[in-house]
Amino acid sequence: EQIAEECDLPLVSYTITHHTRQSAIGLPFIQQKEYGGKTYSVTEYTMSEIIASVYDRMEETGKQEGILFIDEINCVSETLAPTMLQFLQCKTFGTHAIPEGWIIVAAGNPPEYNKSVREFDVVTLDRIKMIHVEPDYQVWKEYAEQVQIHPAIRTYLDIKPGNFCRIETTVDGKRFATPRGWEDLSRFLEVYEKLGKTADRDVISQYIQYPQIAKDFANYLELYQKYQKDYQVDEILNGVIREEACRKLEKAPFDERLSVISLLTAKLNDGFLALSMMEDRLERLQKLLGGVKPGNYDEQEYPSALERLEGILAGVQAEWKYKKEAGLLDRKEAHLTFDTVETLDALVKELRAEHITETDAVWEKVSQAFADKNDQYEVQFDLCGEQLEHAFDFMEAAFVQSQEMVVFITSLNMGFYSVRFLGEYECERYYRYNQTLLFDGQEKEILEKIEKQ
């Protein structure tokens, strides 16, 4: 899905365990054919449902290249095994080939996680490129920062990375905690917090089905929520630093300090994310609204600037509908497109209500609307800068140049939206601590090498 989105390619996804031989290769029918002057009844097959879906997606998107993803490929039934071998070798289901330009990707779980798995023989393995995927917390952590996995989960796994992915078989059955489980739990916690509810161990164990880890995280989450009240992160980012909070942190265990830093960076990232979304909206609006500028459109096609604006709105709505139906609209793109449509629609209604149609007057109104959006962006940008500076004030008051400052700087360096913000905002202390901490790290590494020699 990520590759398809990044490359703007259509994706067709099927779980092969849901298919019989008939649905995979098509249904037989009798066809009359002539060979050597004689007519024979020959069995042919209708198009496979899977191949038909590929052609349907090509029609919907107008794109000739794409990805066909087959899940649970090592769980095919005995009757489908020869068909899958033909599929991997010849890119065909029955008598119908997958269109040129389409790449086949398949996946399956190893036998220890799925009792239905069939071991591939050498003949099959010889026709594929096998990639073994292993769970890696540091890789997932980068992803977690970008998609805003709940900070309590990220902090907990920083402290106990061994609980990121654990799968065990016991006499009582399977116990497991998986990356998917943590992400699903994160989305649930977001909703619970909006509703003012607290997730307990029973709820957490529905997602983290490893009793010991579920209990451990439930205890940590309770502490994490307590730290939110005790340290008042919102006050810190508004410039209020309480001495008692700093003194308490001096005596606090490292886990508690790490949690407070996580709360701090999570709040900062909320602002960075909001700013990033505003910037993306501005860039999109700038491109679209530029089409209303006098001289930038065909006046014979659009007699008035308002009609041109309505044409732009209709185009965005049509593109949104097409991408949604074609499965090319990810969550972020959906939000951006919705906001764009909402802004353009409100602008059109306002112009209609005020009976403004003359080109220069429309352009003046459009320019003012964009300037207002830009002002909102500037306010958010300044707010993010102030909050970052206040965060550094607190870090210096509570920790100075310590291990905690390393954690804070590292969190900023790893955050997708914080890095984007720091590329535009000049924060002297961020660069200074980065240089100092980098130098200290290199010095420590050199000393360790000298000691070994």
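Visitor: Which residues does Asn74 touch, leaving out those up to four places away in sequence?
Guide: Not counting such neighbours, Asn74 touches Gly108, Asn109, Ser116, Val117, Arg118 and Phe120, where contact means heavy atoms within 4.5 Å. This is a predicted model, in which local features need pLDDT of at least 70 and side-chain atom pairs count only at pLDDT 80 or more, while totals for chains, interfaces and linings use all residues. Residues are numbered from 1 along each chain as its sequence is written, and side-chain values use heavy atoms, with hydrogens and water left out.

Visitor: Is Asn74 buried or exposed?
Guide: Asn74 counts as buried because its relative accessibility is 11%, buried being under 20% relative accessible area, exposed over 50% and partly exposed in between, with a 1.4 Å probe and protein chains only.

Visitor: And what lies 2.9 Å from a polar atom of its side chain?
Guide: That is the backbone oxygen of Asn109.

Visitor: Switching to Asp280, which helix is it in?
Guide: Asp280 is found in helix H13, residues 254-289, helices being DSSP runs of H or I with at least four residues, and strands E runs of at least two, numbered from the N terminus. At 12% relative accessibility Asp280 counts as buried, and, not counting residues up to four places away in sequence, it touches Lys332, Leu336 and Arg420.

Visitor: What about H16 and H17, at what angle do they cross?
Guide: The axes of H16 (residues 359-398) and H17 (residues 403-414) come within 10 Å and cross at roughly 160°. The two helices are therefore roughly antiparallel to each other, a term for angles over 145 degrees.

Technical notes. Axes fitted to C-alpha atoms, helices over the stretch in contact; angles between N-to-C directions. Parallel < 35°, antiparallel > 145°, perpendicular 65-115°, else oblique. Polar contact = N/O pair within 3.5 Å; in protein donor to acceptor, adjacent residues only side chain to side chain.
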